[in-house]
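Work through the exercises below with the sequence and the structure in view, and try each task before reading its solution.

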Amino acid sequence: MQEKVHVSLGERSYDVIIGPGLMARAGELISPLLPRPRVVVVSDETVAALHLETLRAGLASSGIAMEAMTLPAGEATKSWESLTRTCDWLLDQKVERRDIVVALGGGVIGDLVGFAAAVLRRGVRFVQIPTSLLAQVDSSVGGKTGINVRQGKNLIGAFHQPALVLADTDVLATLAERDFLAGYGEVVKYGLLGDAAFFDWLDENGPALKSGDMAARITAVTKSVQMKADIVARDETEQGDRALLNLGHTFCHALEAATGYSNRLLHGEGVAIGCALAFELSARLGLCSQEEPSRVREHLKRMGMKTDLSDIPGDLPDSDALIELMAQDKKVLDGKLRFILARGIGQAFVTSDVPRDALGDVLQAALKEKARQS
Ligand code: NAD
């Protein structure tokens with residue numbers, strides 16, 4: 001069982017290979033890219049403890065040597081400090097222009113190492129081996145790389161496409177359930193933004209996916225990657241359509257900022273809540289029926305996911321403060337908030353035309369419900 005999605009970007013095109021057992025075959029899959037039988041790998045401590053030796057063995061079986069460095073797990077690793085450490089280490093390893101740097105880990109490692117590869121010697125090639133569901137379905141594909149700074153998330157970065165992505169679906173088995181479900185927030189986003197039939201499929205197969213059904217996992221990852229690849233091929237640097245991938249993200253970024261980018265709310269959890277709010281706002285503006293946000297919520301709840309503001313522990317700021325946080329999002333254009341709204345499940349579109357009152361009403365209603373439940 002193996003699937004392949006081609007990301008079509010002219011001379012920057014690459015394949016995303018999806019299936020079980022890919023790390024054990026990493027040597028065979030990566031060797032066509034290598035000028036010499038050696039790779040350098042950057043990972044995080046949690047992922048390295050679980051999977052680095054499988055990768056080492058998979059490379060060794062094709063005679064490829066591997067050097068590795070590990071960084072602490074967690075969002076704080078997407079920093080200037082880690083970037084400096086990574087670049088220093090890569091230079092010490094004498095990585096040359098044609099060599100391959102491998103990012104083994106979740107979205108944090110993928111974003112950081114991709115950015116290091118983008119700036120090292122003005123750009124070296126890199127391979128993504130995404131190990132979290134979020135990284136397999138989203139962050140490893142599309143070439144957005146970067147780090148967080150004091151002023152906000154992902155504010156320093158570059159577009160730098162990988163040369164190959166190996167999404168080994170076996171490694172998802174070691175993910176904590178909370179991290180798995182956070183990644184699922186991005187999977188469901190694809191159905192909601194552009195494919196009602198995929199949403200229906202998830203509604204039926206989501207529980208099997210969660211409990212480890214390999215065929216269902218491969219289908220979900222492949223479908224998600226295919227949708228992302230199609231959008232990225234149309235709009236690599238987000239001049240238009242690519243913004244659709246931000247469904248739920250304007251709300252999510254405000255909620256992440258309000259919770260201090262802490263364990264109170266993971267990114268994918270914020271995306272799921274943000275999608276529910278985006279549908280709520282769409283219904284309030286008369287773009288879709290009230291049944292649509294209810295269907296979104298029911299599905300998320302059935303999967304055991306965070307769905308409402310009331311699922312976020314602790315206090316949240318009032319609606320005006322949340323809107324203020326939204327306005328600081330880097331996706332603001334000419335001072336106008338950009339939203340992804342929907343005319344129904346699978347029918348999202350980008351707009352800057354959202355009355356502040358309607359947005360305030362939706363947030364106030366959600367905050368009131370949170371207060372009622374606490
Ligand atoms: P992460 O990399 O922090 O991984 C989440 C946790 O899971 C970490 O503790 C990690 O050690 C652990 N983990 C990863 N794989 C594992 C495995 N197989 N088994 C056990 N534990 C494992 O976070 P994430 O959720 O993967 O990614 C979030 C990051 O991705 C954010 O920084 C976000 O900004 C970024 N992102 C980037 C893009 C993009 O297009 N570049 C898109 C979406 C999100």
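**Exercise 1. The ligand and its surroundings**

Task: Find which atoms of the ligand have polar side-chain partners at Lys153, Glu75 and Thr174, and then describe what surrounds the ligand.

Solution. Begin at Lys153, where an N or O atom of the side chain is 3.2 Å from an oxygen atom of the ligand. This is a predicted model, so the distances in these exercises are computed from predicted positions. Next, turn to Glu75, where a polar side-chain atom lies 2.9 Å from an oxygen atom of the ligand. At Thr174, the partner in the ligand is a nitrogen atom, and a polar side-chain atom of Thr174 lies 2.7 Å from that nitrogen. Now consider the cover as a whole: on its own the ligand has 860 Å² of accessible area, and the protein covers 88% of it. Among the elements that give two or more residues to the shell around the ligand are helix 2 (45-60) and helix 4 (107-119), and the list also includes helix 5 (133-139) and strand 8 (152-159). Helix 2 gives the most, with four residues. Altogether 25 residues surround the ligand, and the closest are Asp44, Gly107, Thr131, Ser132 and Thr174. Sorted by character, the residues of this shell divide into seven nonpolar, nine polar and nine charged.

**Exercise 2. One helix in detail**

Task: Compare the span of helix 4 with the expected span, and decide whether the helix is mostly covered or mostly open.

Solution. First, take the length: helix 4 has 13 residues and reaches 18 Å from its first C-alpha to its last, which is close to the 18 Å expected at 1.5 Å a residue. Second, look at the cover, for twelve of the 13 residues are buried, and the helix is therefore mostly covered when buried is taken as under 20% relative accessible area. Among the buried residues are Gly107, Val108, Phe115 and Ala118. Finally, follow the chain past the end of helix 4 to Arg121, whose phi is positive, near 50°.

**Exercise 3. Looking for disulfides**

Task: Count the disulfides, and explain why Cys252 is not part of one.

Solution. Recall that a disulfide is a covalent bond between the sulfur atoms of two cysteines. The test used here asks for a pair of cysteine sulfur atoms within 2.5 Å. For Cys252, the closest cysteine sulfur is in Cys275, and because the two sulfur atoms are 8.9 Å apart, they are too far from each other for a bond. By this rule the count comes to zero disulfides. As a further step, check the surroundings of two cysteines: Cys252 is buried, at 0% relative accessibility, and Cys87 is buried too, with a relative accessible area of 15%.

**Exercise 4. Residues in loops**

Task: Locate Glu238, Tyr261 and Glu11, and state whether each is buried, partly exposed or exposed.

Solution. Glu238 lies in the loop between helix 8 (214-234) and helix 9 (249-258), and with a relative accessible area of 15% this residue is buried. The phi of Glu238 is positive, near 60°, although the residue is not glycine. Tyr261 is placed in the loop between helix 9 and helix 10 (267-284), where its relative accessible area of 39% makes it partly exposed; its phi is positive as well, near 50°. Glu11, in the loop between strand 1 (3-7) and strand 2 (14-19), is exposed, with a relative accessible area of 80%. To finish, compare positions in sequence and in space: Glu11 and Val232 are 221 residues apart along the chain, and their C-alpha atoms are separated by 14 Å.

Terms used:
Residues numbered from 1 in each chain as written. Predicted model: local features only at pLDDT ≥ 70, side-chain atom pairs only at ≥ 80, totals over all residues. Heavy atoms only, no water. Buried < 20%, exposed > 50% of the residue type's maximum accessible area, 1.4 Å probe, protein only. Near = heavy atom within 4 Å. Polar contact = N/O pair within 3.5 Å; in protein donor to acceptor, adjacent residues only side chain to side chain. Areas by Shrake-Rupley, 256 points an atom, 1.4 Å probe, with all protein chains shown as cover. Nonpolar A, V, L, I, M, F, W, Y, C, P; charged D, E, K, R; others polar. Expected span 1.5 Å × (residues − 1).
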